[in-house]
Amino acid sequence: MGRIIHHMLLLLVAGFLGTGCSKKLERLYNDPDQLTTARVEKLFTEMLNNYRIRPSYWEMRTFVVMHSGIYSQTVGYLNTPGVYWQNPSYIESRWNDFYRPVGSGTGTMALYREMQKIHRDLPAVEKEKASLFLNAAKVIFYDQACQMVDLWGDIPFTEAGSLNASGEAKMAKFDDAADIYQEAIEQLKVLNAYFAALAPDPATANLFRTQDILLNGNLQKWQRYANALRLRLLMRISHVNETYAKAQVTELLTNTVVNPLLSEEADYNVEQEDILLAPLADNTLDLRFALTELTNYSAPQHLLEEVLLPAADPRIPVLFDKFGVSTGAGFVPNEEYRALPVKWSLEQQQVNLGKFAILDSATFIFNPHIPGILMTAAEVSFLKAEAFLRWGGGDPDMYFKLGIRQSTRFYYYLNRLNSSFKRPEPRPNPESMEAFLQQESVRLAGSAEDKYRKIATQRWVHFGFLQANQAWAELRRTGYPKLEFRVNSQPQAPLPPRRLLYPGNEVTYNVNYVAVRDKDKTYFPIFWQVR
């Protein structure tokens, strides 16, 4: 593979912007007049059209079901030799897709740095109009950058993409992971005020609406997204820098007029309220191959057996199929939901696959309509519940129940998206939902630690494999749920890691790697992992 140097991120816009895109997106990306004033919005659209945000085949097959989904036990898997091993090629691909633009929204860093450079050189009037696109891109930029931190820890950041940003070729240093988080948190607070005060002229607002394939030009949703992301990042550092996190979160949650977040309604409109990247209009690809090629379609044992079944969770029918066994007499469906034991040997698992539940065919396996998930109301509610539990200022029980209700609504929404494949499951009625919330295993009762565990577990349930990277991050941060893994025969990776290893090209060619060499161990924790 070629040498990778972060400052060598020149954008060949005409060469990659239309790659693999629909005709509509080609019109959004390509600038027929070749005006530098227009390139900012074209790059903005390209940044949004990111196949790492959407549940694409490549993201799911090479990263989620081989790495974060297994490490978080949000997918089922077979105990093959090396099941916890980090595939160097696929890990490098995930790393490169943040830094290098090769189409389909990849190269978040390079795209953002190029936008910064173009914006810097614009005349004052044009710069003010282009600031809207740059600031919306900044939310995505910090979201994706902090996800890189969650996976690797320290990463090249402030000097990465320097040739795009300043024209100066420089080997990018590794920035401290905590510093990147701190910058993101502070900038997102500034962006909240920016979006609140902004009143773009009609032409700029219309252009933003056209280019914004994520939120359709809705400035209040960009404000809500920025605030929700800030809340997520603050809670993630809350065990390592609690005084700061507590003060910032308290301020954020105290004044919801100044700091609007996502919906607080149980029966909310998922499509309108959550931060979701819709599939391309001409998309027909589903997850069948990504989930079946390595046999990752079985129901995760802890999720189904330890959390959902004991409480008769109403999400079960849209999360899983009971499945069955093919015999000489035909297909014999299983009578109940059961999960493939995670600690069985590979041989036991292989011969018994059909006897256990699998991911729901309509909601997941054959569903081409699943959006990319950036933020949901349920996650925000669970974050509020944790904050109010630990620091007061609100009712943790109310937001815990709200989060579960919103999560249930979210997954029934995904199920209904695929109504042409299978008749949607009926939504649970209010009585059954209330009875479920009163189950001992669900009810927010017990010690403070018991309550913390229940909140963390329900947040993990909600993330599922579609947000496996978030599930893995929160599992490491909170320590919940307590998962069991079979020790693997490969001595280099007997159990899941605490972080990803840096890609081989980064180790070989980036002279600044020496500064992080001692941290480049699979069991070296990310800075926020202190529990």
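# Salt bridges, rings and a nonpolar core

Let's begin with charged side chains: there are 31 salt bridges in this structure. Keep in mind as you read that the model is predicted.

A good place to start is Arg232, which pairs with Glu379 in a salt bridge whose closest N and O atoms are 2.7 Å apart. Arg232 belongs to helix α11 (residues 219-236) and Glu379 to helix α19 (residues 377-391), so this salt bridge ties together parts of the chain that are 147 residues apart in sequence. Is Arg232 buried or exposed? With a relative accessible area of 4%, Arg232 is buried. Its partner Glu379 has a relative accessibility of 1% and also counts as buried.

Two other salt bridges make useful companions to that one. Asp313 and Arg315 form a salt bridge with their closest N and O atoms 2.8 Å apart, and both of these residues are buried. Arg453 and Asp450 form another, where the closest N and O atoms are 3.7 Å apart. Where do Arg453 and Asp450 lie? Both are in helix α22 (residues 448-463), three residues apart, which is about one turn of the helix. Here the surroundings can be read from the accessibilities: Arg453 is partly exposed, with a relative accessible area of 31%, and Asp450 is partly exposed at 29%. Beyond individual pairs, salt bridges with shared partners join Asp150, Arg236, Glu242, Glu386, Arg390, Arg459, Glu474 and Arg477 into one network.

Now for the rings. The structure has 32 aromatic pairs. One of them brings Phe174 and Tyr502 together edge-to-face, at 5.1 Å centre to centre and with 65° between the planes. This pair links distant parts of the chain, since Phe174 sits in strand β2 (residues 174-175) and Tyr502 in the loop between α23 (468-478) and α24 (504-509), 328 residues apart. Phe174 is buried, with a relative accessible area of 11%, and Tyr502 is buried as well, at 6%.

Another edge-to-face pair is made by Tyr452 and Tyr480, with 6.1 Å centre to centre and 65° between the planes. Tyr452 is in helix α22 and Tyr480 in the loop between α23 and α24, so the pair ties together parts that are 28 residues apart in sequence. Both tyrosines are buried. Tyr480 has a charged companion too: Lys482 lies over the face of the Tyr480 ring, 5.1 Å from its centre. A comparable arrangement involves Arg113, which lies over the face of Phe157 at 6.0 Å from the ring centre. Elsewhere, ring pairs link Phe44, Phe133, Tyr194, Phe195, Phe208, Trp222 and Tyr225 into a cluster.

Trp222 from that cluster leads us on to the nonpolar core. In soluble globular proteins, nonpolar side chains tend to be buried together. In this model the largest nonpolar core has 156 residues, and Leu214, Trp222 and Phe320 touch the most other members. Which helix gives the largest share of this core? Helix α7 (residues 124-152) does, with 16 residues. To see the packing around one of these members, select Leu214: leaving out residues up to four places away in sequence, Leu214 touches Leu48, Ile140, Trp222, Tyr225, Ile275, Leu276, Leu277 and Leu374.

Helix α7 also holds a polar residue, Asn135. Asn135 is buried, with a relative accessible area of 12%. What does Asn135 contact, apart from its neighbours within four places in sequence? The answer is Leu191, Tyr194 and Phe195, and those last two rings also belong to the aromatic cluster described above. For a sense of scale, Asn135 and Phe157 are 22 residues apart in sequence and 18 Å apart in space, C-alpha to C-alpha.

Our last stop is Gln301, in helix α15 (residues 301-308). Gln301 is partly exposed, with a relative accessible area of 24%. Setting aside neighbours within four places in sequence, Gln301 is in contact with Glu306, Ala339, Leu340, Pro341, Val342 and Lys343. With Val342 there is a specific polar approach to look at: the backbone nitrogen of Val342 lies 2.8 Å from a polar atom of the Gln301 side chain. Gln301 and Ala110, by contrast, are 40 Å apart in space, C-alpha to C-alpha, and 191 residues apart in sequence.

Note on methods. Residues numbered from 1 in each chain as written. Predicted model: local features only at pLDDT ≥ 70, side-chain atom pairs only at ≥ 80, totals over all residues. Heavy atoms only, no water. Salt bridge = Lys/Arg side-chain N within 4 Å of Asp/Glu carboxyl O. Helix = DSSP H or I, 4+ residues; strand = E, 2+ residues; numbered from the N terminus. Buried < 20%, exposed > 50% of the residue type's maximum accessible area, 1.4 Å probe, protein only. Phe/Tyr/Trp six-rings, centres within 6.5 Å; stacked < 30°, edge-to-face > 60°. Lys NZ or Arg CZ within 6 Å of the ring centre and 35° of its normal. Core = buried A, V, L, I, M, F, W, Y, C linked by side-chain atoms within 4.5 Å. Contact = heavy atoms within 4.5 Å. Polar contact = N/O pair within 3.5 Å; in protein donor to acceptor, adjacent residues only side chain to side chain.
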